[in-house]
Amino acid sequence: MILKPHIPTGHASTAVPTVALTIDGKQVTVPSGTVVVDAARSLGITIPVLCHFPKLTTTGACRVCIVEVNGTPTTSCSTIVEEGMEVITNSPYIEGLRRDIIDLILSDHPYDCMVCEKAGSCELQELAYKYGIRTPVFSGERRIYKKRDGNPFIERDMEKCILCGRCVKVCDEVQGVGAIDYAYRGFGTKICPPFERDLDCEFCGQCVAVCPTGALVGKSSLGKGRQRDIKQVETICPYCGCGCNLTLHVSGDEVIRVTSDQQTINEGWLCVKGRFGFNFINSPDRLKTPLIRKNGVLVEASWEEALGTIADRLGAIKKQHGPDAIGGLSSARCTNEENYLFQKFMRAGIGTNNVDHCARL
Ligand code: SF4
Ligand code: SF4
Ligand code: SF4
């Protein structure tokens with residue numbers, strides 16, 4: 001893992017200052033400014049955390065990442081390493097505190113795992129399993145939200161929201177939109193768009209990607225299969241030349257969800273087209289054969305017939321009007337190789353430089 005160095009403003013040297021500390025008895029040296037949870041990860045020590053997320057600024061909301069720092073309990077996601085610091089991540093005392101914190105989070109949570117879309121990939125469910133919390137000791141009042149959001153892409157179930165703030169941060173810090181935020185106070189606090197209207201935003205789905213629970217899930221996958229039955233297929237987004245990496249989640253022969261791994265060139269972030277624009281794959285309106293217009297009507301044809309017609313027409317136009325009577329328009333949805341071949345065909349095959357690309361339109 002690459003730990004982000006902290007370089008103070010005006011620092012003259014290019015050398016990155018480092019800090020040495022001890023975590024669970026192991027010595028580690030990390031760049032100054034590193035937070036304890038990331039320093040531990042560099043040693044292979046995973047501290048559970050629900051609000052911290054790589055590439056987002058610290059929230060310190062869930063308290064699950066509590067550790068002992070020089071004997072005092074503190075949150076490891078918001079504590080910056082110091083020289084000689086001694087950190088204990090897993091003492092019985094710390095594990096007991098952590099269990100109580102998870103218990104408190106679950107005390108106000110619907111026990112919907114049997115029907116929840118997130119079951120099997122839910123970070124809260126994982127922690128409940130790890131700490132053996134079946135019925136919370138602190139069970140009490142529950143938030144009941146009847147309203148469902150009418151937006152076309154994202155199912156928002158705020159009863160499953162643990163107020164970790166990842167969605168708010170990603171919408172602001174990564175997407176630069178700020179479509180959602182904390183509203184109200186105390187027990188009534190909830191994440192919502194302004195005035196609790198239906199979500200109306202860019203629908204990039206970054207908030208869905210970072211949500212640790214089933215509070216935010218894509219509507220397209222609702223009720224279409226458990227994670228264990230879903231095949232994951234790596235591919236490249238067909239929509240534009242950015243070439244974002246996609247993971248298609250395939251149930252049977254249907255793509256039901258698209259995600260992207262953080263370790264990819266696009267760092268796991270996608271736009272609305274890449275994340276949610278896949279319904280065309282299974283659309284009954286999709287063309288499956290070439291069409292040739294005959295007497296004003298488009299009729300299905302074989303590829304041989306279609307390519308033969310194209311060759312005949314291009315040849316006839318070139319013969320009658322010359323090669324510059326023909327122009328070719330290519331597409332950002334094609335690969336570099338396909339675009340190269342296309343311009344080569346126009347220049348060397350047809351004999352014209354009339355070639356352009358939809359990205360300039
Ligand atoms: S969000 Fe997680 S813990 Fe909550 S019901 Fe869904 S799977 Fe269970
Ligand atoms: S879909 Fe994108 S723009 Fe809309 S709330 Fe989520 S992160 Fe913000
Ligand atoms: S909706 Fe999800 S990401 Fe947003 S605060 Fe709630 S649990 Fe966290």
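Let me begin with ligand 1, which in this predicted model is surrounded by His109, Pro110, Asp112, Cys113, Cys116, Ala119, Cys122, Gln125, Lys160, Thr213 and Gly214. If we sort that shell by class, we find 5 nonpolar, 4 polar and 2 charged residues around ligand 1.

From the ligand I would like to turn to the empty space inside the protein. Rolling a probe the size of a water molecule over the atoms shows where such space is left. How many cavities of 30 Å³ or more does a search of the whole structure find? There are 2, and the largest holds about 150 Å³ of space. Its lining is made up of 20 residues, and those closest to the centre are Cys171, Ile180, Leu199, Cys201 and Cys207. Strand S6 (154–156), helix H4 (166–174) and helix H5 (206–210) each give two or more residues to this lining, with H4 giving the most, namely 3 residues. By class, the lining of the largest cavity divides into 15 nonpolar, 3 polar and 2 charged residues.

The second largest cavity holds about 90 Å³, and among its 13 lining residues Cys161, Cys164, Cys167, Cys211 and Ala215 lie nearest the centre. Here the lining has 11 nonpolar and 2 polar residues, and no charged ones.

Finally, please look at the open sheet of 3 strands, which runs in the order S10-S11-S12 with antiparallel pairing. Its edge strands, S10 (231–236) and S12 (254–259), each pair on one side only, and the twist from one strand to the next averages 35°. Between S10 and S11 (residues 245–251) the antiparallel pairing extends over 6 bridges, and Val233 stands opposite Leu248 in S11.

How values were computed: Residues are numbered from 1 along each chain as its sequence is written. Chains are lettered from A and ligands numbered from 1 in the order in which they are written. This is a predicted model: local features need pLDDT of at least 70, side-chain atom pairs count only at pLDDT 80 or more; totals for chains, interfaces and linings use all residues. Side-chain values use heavy atoms; hydrogens and water are left out. Two strands pair if DSSP finds at least two bridges between them. Helices (H or I, at least four residues) and strands (E, at least two) are DSSP runs, numbered from the N terminus. Axes are lines fitted to C-alpha atoms, for helices over the stretch in contact, and angles run from 0 to 180 degrees between N-to-C directions. A residue is near a molecule or strand if one of its heavy atoms lies within 4 Å of it. Ala, Val, Leu, Ile, Met, Phe, Trp, Tyr, Cys and Pro count as nonpolar, Asp, Glu, Lys and Arg as charged, and the others, Gly among them, as polar. On a 1 Å grid over the protein atoms alone, a cavity is a set of points where a 1.4 Å probe fits but cannot get out, and a pocket is an open set with protein on both sides within 12 Å along at least five of seven lines; lining residues have an atom within 4 Å of a point. Grid points are joined across faces, edges and corners, and a volume is the space filled by probe spheres set on the points.
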